[in-house]
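Biologist: I have a model open and want to learn how to read it. Can you take me through some features?

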Amino acid sequence: MDDRTILERLGAILGAAALATTADDLAPWLTDWRGRVTGSALALASPGSVAEVQAIVRLAGEAGIALVPQGGNTGMVAGGVPRPDDRAILLSLRRMHAIRSVDPADNSLTAEAGAILSAVHAAAEEHGSRFPLSLGAKDSATVGGLIATNAGGTQVLRFGPMRALTLGIEAVLPDGSLFDGLSTLRKDNRGYDLRQLLAGSEGTLGVITAASLKLVPAAPHRTVAWAGLESAEKALALLRALEAALGDAVESFELVPDAALALVLEHIPRTRAPLAGSHRWHVLIESRTANSADELRARSEAALAKALDDGLVADATIAESERQAADFWKLREVISEAERVDGMAAKHDVSVPVSAMPGFIETATAAVERQFAGARVIAFGHLGDGNVHFNVRAPAGSDDAAWFAETGDAVSRFVHDLTRDAGGSLSAEHGIGQLKLAEFERLADPARLAALRAIKRALDPRGIMNPGKLVPLANPAENP
Ligand code: FAD
Ligand code: MLT
Ligand code: ZN
């Protein structure tokens, strides 16, 4: 089918208002958040209903054209943008953003794929409940994208990643059929779990159109603390000490190296360091309760005072107000933005067993610095989940572009080899997309790759769904 016919058929399905074809209209959506890949697409299609999604998927199958689902385009591995020489339709779910229902008695919320995470938070709160997953991109990331990447974020420690919070999924499969799996059942053993297959599938197995999410009881009182420490090892010991003292109340425990805080203070307006002195490492700790705010604060103070006495912590402070708590969180949530403003970085999203992470950070940082003279490591994030963003910047004062062109791939291979040697994963929470594909194929065990490809081939034999991401089919003829 030629391009003109495809565009006419898309226009007939959607109407002109929901179809963009000019370079200016397409441009903002063709480049990934970090600005590393600019793809090409014939059109940006923005369906407003499940029936329209089905019609577009059927058309793509008939025409042999690629479909690239996109939500907020905040993904970190360029999974939501086409490849540079793709012949593709970019399928935006942003118009499908309704919160279909909230059922506090069932502890569930059903939202369309384009619903933005902060809108899900607000809807749950309006009903006296809570959707606990959160991340820095919460004002743009969508339910569909969060599920398709099995996003993690800053509350995984207590509530798990998106997979653990997704009760049901409605999705259009690559043949255009509707998988109506929007149930909120807690127990359902009818064979293979298609919901969990679609979670983390990065748009390669179908288009998620809606999902039922698990809510948890509101816990309106929180203490947000900031501590300075000497080492990641002490940080993990602090987490275990706080858990012993506060139990399940500890919901977030985020590691921030001094270099990351420095980038934030340099590049992000209206930020200031919570502690007076300088520390090699910092952690942000959030604890929550539905009971007494005063009691939680007193117990948090006592636990931190003990950690100071025990030498785990060098200094610590607890936010005095919600405003200050938000300021502490901002310091953590804008690290990626500050790093982006600062320049290029080789980004690695690695996990190792939680207990091994402090040692991994120390030895891998030293190894990278030895191997690549002047390279600057910033390892930040979700220490309590055994996941940090082990990012590497070029030597100070060097030409970023030239250094990365020459050294970037070698740095990534080096970091990923160290991760494999530590029994870890090269993608803890961001997925594979386009950017991790070569490394995934280099390091994944053949049985895993073969099984993923078999699933892809079975559900999407024509290879129309997000080709070239996560599981490119071995036979290029199957890739439109
Ligand atoms: P997109 O970027 O649009 O798409 C991501 C992938 O999902 C693509 O492969 C796309 O094809 C697919 N997809 C999107 N919608 C659908 C759909 N409806 N059906 C099928 N496939 C679909 N991630 C974390 O895990 N933890 C973090 O802490 C975290 N922090 C972040 C902080 C910042 C500042 C930024 C910019 C990003 C962060 N991310 C984090 C990455 C990102 O927010 C998540 O990957 C998020 O899940 C992407 O959602 P999105 O709607 O933007 O998806
Ligand atoms: C984060 O934890 O802030 C993110 O996953 C974003 C990133 O890695 O850049
Ligand atoms: Zn993260």
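Modeller: We will go through two ligand sites, one helix and two backbone angles. Keep in mind that this is a predicted model.

Biologist: Start with ligand 1. How many residues surround ligand 1, and which are the closest?

Modeller: The shell of ligand 1 has 35 residues. The closest are P69, G71, T74, G75 and T142.

Biologist: Which element gives the largest share of that shell around ligand 1?

Modeller: Helix α5 does, with 4 residues. At least two residues each come from β3 (66–70), α5 and β10.

Biologist: Which backbone atoms should I look at around ligand 1?

Modeller: Look for N or O pairs within 3.5 Å. A backbone N or O atom of G152 sits 2.8 Å from an oxygen of ligand 1. For N73, a polar backbone atom is 2.9 Å from a ligand 1 oxygen. For G145, the corresponding distance is 3.3 Å. On its own, ligand 1 has 970 Å² of accessible area, and the protein covers 96% of it.

Biologist: Now ligand 2. Which residues are around ligand 2?

Modeller: They are M76, R332, S336, K347, F380, H382, H389, E429 and H430.

Biologist: Which side chains make polar contacts with ligand 2?

Modeller: Among them are three. A polar side-chain atom of S336 is 2.5 Å from an oxygen atom of ligand 2. The side chain of R332 places an N or O atom 2.6 Å from a ligand 2 oxygen. For H382, a side-chain N or O atom is 3.0 Å from an oxygen of ligand 2. Taken alone, ligand 2 exposes 260 Å², of which the protein buries 86%.

Biologist: R332 is also part of a helix, I think. How do I read a helix?

Modeller: An α-helix has 3.6 residues a turn, so residues three or four places apart point the same way. Here, take α12, residues 322–333. With 12 residues at 1.5 Å a residue, α12 should span 16 Å. The C-alpha atoms at its ends are 16 Å apart, so the two agree.

Biologist: Which residues of α12 are buried?

Modeller: A325, F328, W329, L331 and R332 are. These residues cover an arc of only 150° around the axis, so they lie on the same side of α12.

Biologist: Next, backbone angles. What sign of phi should I expect?

Modeller: Most residues other than glycine have a negative phi. Two cases here go the other way. N150 is not a glycine, yet has a positive phi of about 45°. E202, also not a glycine, has a positive phi of about 55°.

Biologist: Where is N150 found?

Modeller: N150 is in the loop between α5 (143–148) and α6 (156–159).

Biologist: Is N150 buried or exposed?

Modeller: The cut-off for buried is under 20% relative accessible area. N150 has 14%, so N150 counts as buried.

Biologist: What does the side chain of N150 reach?

Modeller: It reaches the backbone nitrogen of R163, at 2.8 Å. Beyond four places in sequence, N150 contacts P161, M162, R163, G200 and E429. E429 is also one of the residues around ligand 2.

Biologist: And where is E202?

Modeller: E202 sits in the loop between α8 (194–198) and β10 (207–214). Its relative accessible area is 9%, so E202 is buried.

Note on methods: Residues are numbered from 1 along each chain as its sequence is written. Chains are lettered from A and ligands numbered from 1 in the order in which they are written. This is a predicted model: local features need pLDDT of at least 70, side-chain atom pairs count only at pLDDT 80 or more; totals for chains, interfaces and linings use all residues. Side-chain values use heavy atoms; hydrogens and water are left out. Buried means under 20% relative accessible area, exposed over 50%, partly exposed in between (1.4 Å probe, protein chains only). A polar contact is a pair of N or O atoms within 3.5 Å; within protein, one must be able to donate a hydrogen and the other to accept it, and residues adjacent in sequence count only if both atoms are side-chain atoms. Contact means heavy atoms within 4.5 Å. The expected span of a helix is 1.5 Å times one less than its number of residues. The arc is that of the directions from the helix axis to the C-beta atoms. A residue is near a molecule or strand if one of its heavy atoms lies within 4 Å of it. Accessible areas come from the Shrake-Rupley method with a 1.4 Å probe; for residues, only the protein chains shown count as cover.
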